[in-house]
Amino acid sequence: MAAITGPISGEAKNVVAEALQGALVDLIDLSLVAKQAHWNLVGPHFRPIHLQLDEVTELARKHMDEIAERAVALGINPDGRAATVARTTKLPQPEGGWLEDGKVVATMTDLLDGISKRMHERVRTTDEPDPVTQDLLIAVAQEIDEQHWMFQAQR
């Protein structure tokens, strides 16, 4: 079997691998949490929040693929398996059953805040070892920050 290699190695590769894997887990779980809330949302503000949750899911799915493919291009194996995501996620999980719209807004605000902070840290740690990965993470952080603001404004 042929191995995939990339332009970085050693400790730089380890730093980038950790940043990409953490981002991948955040984005996979974000897509799952947003979809779970989307399906179970109730309340007077159902329609706009329902649509916004679809936007969050779409951005998470788009960026998770880009993050995983960047890892592969560097010779890093991304791990998006359900067991890995469940074991390593840092996202709080929504309750089961119907989810009141105000509670969803509060949950998504807090969840996106945490992802934003982790993405900004990943941007900082990848500055030196791989500016290309850093650029990708900046794009993710920008969209996460925008969604965070939009949910926060609804509180």
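Asp26, Arg118 and Arg122 are linked in a network of salt bridges. This network belongs to a predicted model, in which the count of salt bridges comes to 10. Side chains of opposite charge can pair when their charged atoms come close. Three further pairs are worth a visit, each in its own setting.

The pair of Arg70 and Asp130 is a good place to start. The closest N and O atoms of this salt bridge are 2.9 Å apart. Arg70 lies in helix α2, while Asp130 sits in the loop between α4 and α5, so the bridge ties together parts of the chain that are 60 residues apart in sequence. Are these two charged residues buried or exposed? Arg70 has a relative accessible area of 16% and is therefore buried, the cut-off for that label being under 20%. Asp130 is buried as well, with a value of 5%.

A second salt bridge joins Glu95 to Lys103, and here the closest N and O atoms are 2.6 Å apart. Glu95 counts as partly exposed because its relative accessibility is 47%. Lys103, at 40%, is also partly exposed.

The third pair stays inside a single helix. Glu121 and Arg124 both lie in α4, 3 residues apart, which is about one turn of the helix. Their closest N and O atoms are 3.1 Å apart in the salt bridge. Glu121 is partly exposed at 40% relative accessibility, whereas Arg124, at 53%, counts as exposed, since that label applies over 50%.

From charged pairs, the description turns to the nonpolar interior. In soluble globular proteins, nonpolar side chains tend to be buried together. In this model, the largest nonpolar core has 42 residues, and those with the most contacts inside it are Leu30, Leu53, Ile67 and Met108. Four helices each supply at least two residues of this core: α1 (10-40), α2 (46-73), α4 (101-125) and α5 (131-152). Helix α1 gives the most, with 12 residues.

Leu30 offers a handy view of how the core is put together. This residue is found in helix α1, and its relative accessibility is 0%, so Leu30 counts as buried. Which residues does Leu30 contact, leaving aside its neighbours within four places in sequence? The list consists of Val56, Ala60, Leu91, Met108, Leu111, Leu112, Ile115 and Ile144. One of these partners, Ile144, is 114 residues away from Leu30 in sequence, yet the two C-alpha atoms are 10 Å apart in space.

His63 gives a second view of the interior, this time from helix α2. With a relative accessible area of 3%, His63 is buried. The side chain of His63 makes a polar contact with the side chain of Glu66, at 2.8 Å. Not counting residues up to four places away in sequence, His63 also touches Leu27, Ala139, Val140 and Glu143.

Thr107, found in helix α4, makes a useful contrast with these buried residues. At 27% relative accessibility, Thr107 counts as partly exposed. Thr107 and Ala37 are 70 residues apart in sequence, but 9.6 Å separate their C-alpha atoms in space.

Stepping back, the whole chain can now be considered. How many helices and strands does the protein chain have? There are 5 helices and 2 strands, and from the N terminus on they follow the order α-β-α-α-β-α-α. The radius of gyration is 16 Å, close to the 15 Å that the globule rule gives for 155 residues, so the chain is as compact as a globular protein of that length. Along the principal axes, the C-alpha atoms fill a box of roughly 55 × 30 × 20 Å.

Two further figures describe the inside of the chain. Of its 155 residues, 45% count as buried. Among the contacts with a separation of 6 or more, 84% come from residues 24 or more positions apart. As for the outside, the protein chain exposes about 8300 Å², and carbon and sulfur atoms supply 55% of that area.

Technical notes
Residues numbered from 1 in each chain as written. Predicted model: local features only at pLDDT ≥ 70, side-chain atom pairs only at ≥ 80, totals over all residues. Heavy atoms only, no water. Core = buried A, V, L, I, M, F, W, Y, C linked by side-chain atoms within 4.5 Å. Buried < 20%, exposed > 50% of the residue type's maximum accessible area, 1.4 Å probe, protein only. Contact = heavy atoms within 4.5 Å. Salt bridge = Lys/Arg side-chain N within 4 Å of Asp/Glu carboxyl O. Rg over C-alpha atoms; globule rule 2.2 N^0.38 Å. Areas by Shrake-Rupley, 256 points an atom, 1.4 Å probe, with all protein chains shown as cover. Polar contact = N/O pair within 3.5 Å; in protein donor to acceptor, adjacent residues only side chain to side chain.
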